[in-house]
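Trainee: I am new to this structure and would be grateful for a close look at a single part of it. Could you begin with the aromatic residues, and then place them in their wider setting?

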Amino acid sequence: MQRSFPVLVCILVSALVLPPPARAQSADPGYDEEIVVVGRAQTFYLQSDTRLGAKIDLDVVDLPQSVQILTKQLIIDQAARDITDLYRSIAGVSEFSYSGVTFRGFRDSGNVFYDGVRGDPYSGFSVPQLFNIERVEVLKGPSAALYGSGEPGGMINYVTKKPRFETTRDFAATAGNYSLYGASADATGALAENVAYRVGAFYESQDSFRRNADETNLEVATGVLWRLGDATELTASVNYVEQELGGHRLRGVLADDDGDFIVGRSFNTNESSDFQDLQALVGQLNLKHDFSETLQVSATLRYLDNEREQGYHEPRGWVDANGDGDANQADGTIRREYRDQFRANEETSLTIDVTKDFTFNDMAHTFLAGADYHVVDTEYDYLRARYAADGVVDLNVYDRNYGITNPATYNLTDLNRDGVEVRRYGFYVQDYVRLNEAWAVMLGVRYDDFEDEDKSDGYSFSDDHLSPRLGITFRPAANTTFYLNYSESFKPASLGAQEDVEGDSALDPERGTQWELGWKQQWLEGQLLSTVAVYQIVKEDLALTNPLDTGPGDGQPELINLGEVESQGAEFTLVGDLTQNWTMTANYAWNDTEVVEGSSIRNTFGDGSEFVNAPEHQVGLWTRYDFDRLNSSIAFGVDYVSEQRSFNDQMVKAYTTVDASWTTSWERITLQINATNLFDKEYAVSGFLERTGHFPGAPREIVAQLRYQF
């Protein structure tokens, strides 16, 4: 993908859809509408409707599964610029590494959707940015009955900003420490009585608290909405994303077994010349048509072209710098290898959903039938230089000798990697039945067919899977809901693992099952919603080394479906308005995840042990209070994560951080100042390998944003 082409496309589309200021008008050409936002609206952080967990119009209190919606206002109030800024607000979710998370005890980085379909422009090792996001929806537990393969912990859906007929203009400038500066502009309005547009642009640059690291983000987003009659509308969008990360790909800071950093949190094994550059072009079409008041169809086509280039120094452990035969941290020198990598994804997703409302035997039904298709064609080039023998100079972690090694002189070896082709398609049906005023049942099942092919040697593997789902809700009162949910997940074994057992027996997909019991309660006439959920997840058929395998020719496969992991826990969330001026979102999660069978699971240490980066306790709070007479508000947040363990069983200490913000407005101008990690706590958000260290949390950061709406 040539860099200039997507930029040109976005500029041309922007020019076509952005009207001159004098023509800005409402959807009704008979009058002009001026919108001035002052004060605050009710239910700041509470949104009661979502299609995420059922793909039908359903209030969250009627959904027999735990779900959280992080609203646009919450994103603004927390000055959240990427998804990691929001983890505190999601019960049972903590940071694993990069954009990967621990979800109800399980590591998950692939269950990411945009507008309900697959196609993540930040796939790989980049962190999703939030400029183009209207809200973030989080479904807890398995979701295979509607969305196909994935981990059993949950899924994240990003709802993108859409064209609107209401005329809005929004400009924001951002500044902060670590040389942060940026700007964004967003506009919506009507081009004609039946055509609306949106165009937005975002740029931001910042140095990192880590040595030799910085970050630049650019995004241009455009969209057009056509109302093709009273029953049909078509929405088209084109987005371009560019991210340049200097000094990346970042690993952690070296730590001892007690979880203490042995060097400062600014430590980085990378050189200043290291980098990771991302370019992505996304096109999306959504067509909705109402055949009648009871029969609707929606189809979404999403195309993604994503390229990532990176060159970075990977730490490989201590060296015997003194020649005494003892390689340890006292010598202070680590080996490094240099990785020159290119990755590219070309993805196409198509999803079609048909819903029908009808009554049978005095029971109201909402029936869903759908199908989706997802194909991914990847490219992968991998060159590597290892250690001093290939010219890579060792790094002393105490007296850092940056800048004396040069990748241009390295002896690079081509590892002859290539990409894969992935094909997935599925069919699913679901019936939501209101048995009477109090009871409802949701029953669904999905069939998946998948095929993976290694482009380097032509090896391919295909299989299929059936995923059922059952949900029951009971509403003894209008503001009270109890629910029971059974759901499943599945995840195909990797293509490399299948190739290892070729000729013996194919590996079954990993399979997860969950039982969840919950209580949702509306308070204060619907202004406040609490959710309590208890769950048990069993993940089985993990591919492990066969204990009976003694080598080639013994009749035993190298890998078998053996491993089993159990996760059990409880979650509590509270979101909404306590008073006219006081709003909040709060959560607590308890989780216990351990290995039931299989000591060679890479994410664990043996039977009875905890999973990596699976904290037992988490607490998140964000609350805001408005002073109407001053046109101002204050807010603060707390994030607590209990002790965790790394891959090498090193402790990751528990931590608590505090954030705060102040916002004030003058007519159309808003000034907002946010302080994250207010008390400058030194901590690690998660662990990894001993040689790569723990991922450090950011020091205190002050961000100021000036917003002008007109």
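Mentor: Let us begin with Tyr625, which counts as partly exposed because its relative accessibility is 35%. Phe627 is likewise partly exposed, at 36% relative accessibility. Tyr625 and Phe627 form an edge-to-face aromatic pair, with 5.1 Å from centre to centre and 70° between the planes. Please bear in mind throughout that this is a predicted model.

The structure holds 18 aromatic pairs. One of them is formed by Tyr380 and Tyr382, whose rings are stacked, with 5.9 Å from centre to centre and 20° between the planes. Tyr380 and Tyr382 are both buried, whereas Tyr625 is partly exposed and Phe627 is partly exposed. Ring pairs also link four phenylalanines, Phe96, Phe647, Phe688 and Phe695, into a cluster.

Rings also appear beneath charged groups. The charged end of Arg104 sits over the ring of Tyr535, 4.0 Å from the ring centre. In a second case, the charged end of Lys161 sits over the ring of Phe131, and here the distance to the ring centre is 5.1 Å.

From the rings we may pass to the nonpolar interior. In soluble globular proteins, nonpolar side chains tend to be buried together. In this model, the largest nonpolar core has 52 residues, and those with the most contacts inside it are Leu58, Ile83, Leu86, Leu130, Val136 and Tyr158. Strand E8, residues 133–140, gives the most to this core, contributing four residues. Leaving aside residues up to four places away in sequence, Ile83 touches Val127, Pro128, Leu130, Val136 and Tyr158. A second core, separate from this one, has 13 residues, among them Val253, Leu254, Tyr402 and Ala684.

Strand E8 leads us to the sheets. It belongs to an open sheet of four strands, in the order E3-E8-E9-E7, and the pairing is mixed. Strand E3 (67–70) and strand E7 (112–114) stand at the edges with a single partner strand each, so one side of each has no neighbour in the sheet. Ignoring direction, neighbouring strands of this sheet are turned by 20° against each other on average. E7 pairs with strand E9, residues 154–160, in the parallel sense over three bridges. Val112 has Ile156 in E9 as its bridge partner.

An open sheet of three strands follows the order E4-E5-E6, with antiparallel pairing. Its edge strands are E4 (93–97) and E6 (106–108), and each of these pairs on one side only. On average, neighbouring strands of this sheet are turned by 35° against each other, direction ignored. E4 and strand E5, residues 100–103, run antiparallel and are joined by four bridges. Val93 has Phe103 in E5 as its bridge partner.

Further along the chain, strand E14 (residues 232–246) pairs with strand E15 (residues 275–290) in the antiparallel sense, over 15 bridges. Within this pairing, Tyr240 stands opposite Leu281 in E15. E15 also pairs with strand E16 (residues 295–318), again in the antiparallel sense, over 16 bridges. The bridge partner of Ala280 in E16 is Asn306. A hairpin of four residues joins E15 to E16.

One further residue deserves attention. Ser665 lies in strand E33, residues 655–666. Its relative accessible area is 23%, and therefore Ser665 is partly exposed. Leaving aside residues up to four places away in sequence, Ser665 touches Asn631 and Thr670. The C-alpha atoms of Ser665 and Tyr708 are separated by 9.8 Å, although these residues stand 43 residues apart along the chain.

Finally, the chain as a whole may be considered. Its secondary structure comes to four helices and 37 strands. Of the 710 residues in the chain, 54% are buried. Among contacts in the chain with a separation of 6 or more, 68% are between residues 24 or more positions apart.

Note on methods. Residues are numbered from 1 along each chain as its sequence is written. This is a predicted model: local features need pLDDT of at least 70, side-chain atom pairs count only at pLDDT 80 or more; totals for chains, interfaces and linings use all residues. Side-chain values use heavy atoms; hydrogens and water are left out. A nonpolar core is a set of buried Ala, Val, Leu, Ile, Met, Phe, Trp, Tyr and Cys residues joined through side-chain atoms within 4.5 Å. Buried means under 20% relative accessible area, exposed over 50%, partly exposed in between (1.4 Å probe, protein chains only). Helices (H or I, at least four residues) and strands (E, at least two) are DSSP runs, numbered from the N terminus. Contact means heavy atoms within 4.5 Å. Two strands pair if DSSP finds at least two bridges between them. Axes are lines fitted to C-alpha atoms, for helices over the stretch in contact, and angles run from 0 to 180 degrees between N-to-C directions. Rings of Phe, Tyr and Trp (its six-membered ring) pair if their centres lie within 6.5 Å; planes under 30 degrees apart count as stacked, over 60 as edge-to-face and the rest as tilted. A charge sits over a ring if NZ of Lys or CZ of Arg is within 6 Å of the ring centre and within 35 degrees of the ring normal.
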